[in-house]
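Trainee: Could you take a close look with me at one part of this model, the way its chain packs against itself towards the far end? I'd be glad of some background on the whole chain before we zoom in.

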Amino acid sequence: MPCYTVTVATGSQWFAGTDDYIYLTLVGTEGCSERTLLDKPLYNDFERGAVDSYDITVGENLGDIELVKIEKKKYWMHDDWYCKYITVKTPSGDYIEFPCFRWVVDDKEIVLRDGRARLPQDDKTRVAKQHRRKELETRQKTYRWKEWHPGFPMSIDAKTHKELPRDIQFDSEKGVDFILNYSKAIENLYVNQFMHMFQSSWGDFSDFERIFVRIKNTISEYVMQHWREDFMFGYQFLNGCNPVMIQKCTQIPEKFPVTHEMVADCLERDLTLEEELKAGNLYIADYEIMEDISPNATDPCTTQYLAAPICLLYKNSQNKILPIAIQLSQNPGEDSPIYLPSDNQHDWLLAKIWVRSSDFHVHQTVTHLLRTHLISEVFGIAMFRQLPAVHPVYKLLLPHIRFTIAINTKAREQLICENGLFDKANGTGGGGHVQLVQRAMKTFTYKSLCFPDAIKARGMESQEEVPYYFYRDDGNRVWEVVKSFVTDVVNIYYASDETVQEDDEIQAFIKDVCSFGMQDFDYCEFPKSLQTREQLVEYLTVVIFTASAQHAAINFGQLFLGMYPDEHFFEKQTKKAVETFHQKLSEVSKLIKNRNEGKKLPYYYLSPDRIPNSVAV
């Protein structure tokens, strides 16, 4: 009688094993096996990290194995089980891989297909089409859109982390990491000890040193020594944590009436201000988005303030970017003077501090929260709703989306919620941060997520004009490597532009992002469909780059881009593409390492060996 050998791998994360009963059924083109209890006498099956094998004997050959059904039944009390994969060895000696990487909970049944990636138009049998449809129907009931605040991108319909689908909740270690890292950050910054300082006036610059005394490394010490100096202030616009505000100044705004006489002492080339402007030596950072944002009023005993500054910057003859004029509001006049380097040193320093304060608020709320976390959640929800596990794009994106929804839900629970950390320690707490996101959404476009386009839109693309903009240089390198990898994968599964057009699932994914995730805002310019492979490559590059490299550049992480612990692709061509991806990323890492050698301010935020796969890693 034909015998099939089934190998089952249990996850190695905490509580992945189970004592529940596990049943398995093989579904082939010629028939099904009986529902079989997977159990070995006097053996503890499905322990954490275990790989167990079982023989299933059938009356006749089942034909080509199409599906594997897994059922879990309660033994004593419900005991979740994490299944990594199942391998089936057929009577003819062939091996078929069925990737799972999912939690089996309660008395639920999971039906798996083999690991080969397929587009919807590639499925010909009734069983395959039906499985695909049922998987998406279930997912769409589970992953529902919800508006957290009006004007925000849509988020998951869950108030707490515990309400999330089990497969996207943090693994136990990950949840503990989140709590420990949250506590560690509080401890490192002495926030508990100095919390009163965040909601009261600071009396001395040495307070900064008291706050950061425990953060010790070469860069932080160098910054602490030089943070008051103009060159460091300018450098941070290029390679600090928010390197997206600076742009080429092509015209001095009327609302910022800087004259040549004001800044003549700062200009080094014997040119007028207008001539420096035409020569391309002026840059500007405008925080107009901060105008009229409500300051934190959660503490009635403390009055807090916000500024909406404009800063003019000058590229000197050594190619350093230096501030030469600052106005702290959007409306010039006696109550809003223009501060200059020639002013009293403390006046000038305080003007720069106000610019940095505004930069912090825009960075945390817009650059970080909105433009990496929230938009990645939109991509993630749409992916789960519209792409089955067998779809190659699902396999491609999953490592970059995993836990994104979980960390955002945690943030809505603990950080940006009412009475969260934002309210306690942030000048825009108490609702200002919500206003900022709502305002930023009105200018948030799809093309602004395309890294080269975003750099060009700010007039910052020329290495010759701005030679020390490492965020741009390293970002372009990583973008091109990611794009090359995505191109390889897309070309494996999509033979032509027509194949993209005929893929109903990818079209549904794209439409879901725009019409539901971004609420169909006309100004967002997110595509509602894709017509070519080139468009698909750009879109998928945006998703991966935003969740990994862009987030790393403005938040910095610790796990590696391109390192996928769960193997979702099984085709040789795709595995080769992943290998090539690793090699190219390694080359970029070496290039950046060599560039950083000997630098007092090395820039490594976009080094691939330091870029996390997703915003949640």
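Mentor: Happy to! Of the contacts in the chain between residues at least 6 apart in sequence, 73% join residues at least 24 apart. Keep in mind that this is a predicted model. The chain has 617 residues, of which 52% are buried, and its secondary structure comes to 19 helices and 16 strands. About 28400 Å² of the chain is exposed, with carbon and sulfur atoms supplying 50% of that area.

Now to the part you asked about. Start with helix 15, which covers residues 470-493, and helix 19, which covers residues 572-596; their axes come within 9 Å and cross at roughly 170°. Since angles over 145 degrees count as roughly antiparallel, helix 15 is roughly antiparallel to helix 19. From helix 15, the residues making this contact include Phe 470, Val 478, Val 481, Val 482, Phe 485, Val 489 and Ile 492, and from helix 19 they include Ala 577, Val 578, Phe 581, Leu 585, Val 588, Leu 591 and Ile 592. Charged residues take part as well, among them Asp 474, Arg 477 and Asp 488 of helix 15, and Lys 584 and Arg 595 of helix 19. Sorted by class, the contact has 15 nonpolar, three polar and five charged residues.

Helix 18, residues 533-555, is the next piece, and Thr 541 is found in it. With a relative accessible area of 0%, Thr 541 is buried, because buried means under 20%. Beyond its neighbours within four places in sequence, Thr 541 is in contact with Trp 479, Val 482, Lys 483, Val 486 and Thr 546. Val 482 is worth a second look in your viewer, since it also belongs to the contact of helix 15 with helix 19.

Further along helix 18 you reach Ala 553, which is likewise buried, at 0% relative accessibility. Setting aside neighbours within four places in sequence, the contacts of Ala 553 are Gly 240, Cys 241, Tyr 471, Tyr 603, Tyr 605 and Leu 606. Ser 607 is 54 residues from Ala 553 in sequence, yet their C-alpha atoms are 9.2 Å apart in space.

For a contrast in geometry, turn to helix 1 (residues 126-142) and helix 9 (residues 345-386), whose axes come within 7 Å and cross at roughly 140°. That makes helix 1 and helix 9 oblique to each other. Here Leu 136, Arg 139 and Gln 140 of helix 1 meet Met 383, Phe 384, Arg 385 and Gln 386 of helix 9, a set with three nonpolar, two polar and two charged residues.

A few other spots may interest you while the model is open. Phe 15 has a positive phi of about 60° without being a glycine; it sits in the loop between strand 1 and strand 2 and is exposed, with a relative accessible area of 62%. Phe 46 also has a positive phi, near 60°, and lies in the loop between strand 4 and strand 5, but it is buried, at 1% relative accessibility. As for cysteines, Cys 301 is exposed at 74% relative accessible area, whereas Cys 450 is buried at 0%. A search of the whole structure turns up zero disulfides.

Technical notes:
Residues numbered from 1 in each chain as written. Predicted model: local features only at pLDDT ≥ 70, side-chain atom pairs only at ≥ 80, totals over all residues. Heavy atoms only, no water. Disulfide = S-S within 2.5 Å. Buried < 20%, exposed > 50% of the residue type's maximum accessible area, 1.4 Å probe, protein only. Helix = DSSP H or I, 4+ residues; strand = E, 2+ residues; numbered from the N terminus. Contact = heavy atoms within 4.5 Å. Areas by Shrake-Rupley, 256 points an atom, 1.4 Å probe, with all protein chains shown as cover. Axes fitted to C-alpha atoms, helices over the stretch in contact; angles between N-to-C directions. Parallel < 35°, antiparallel > 145°, perpendicular 65-115°, else oblique. Nonpolar A, V, L, I, M, F, W, Y, C, P; charged D, E, K, R; others polar.
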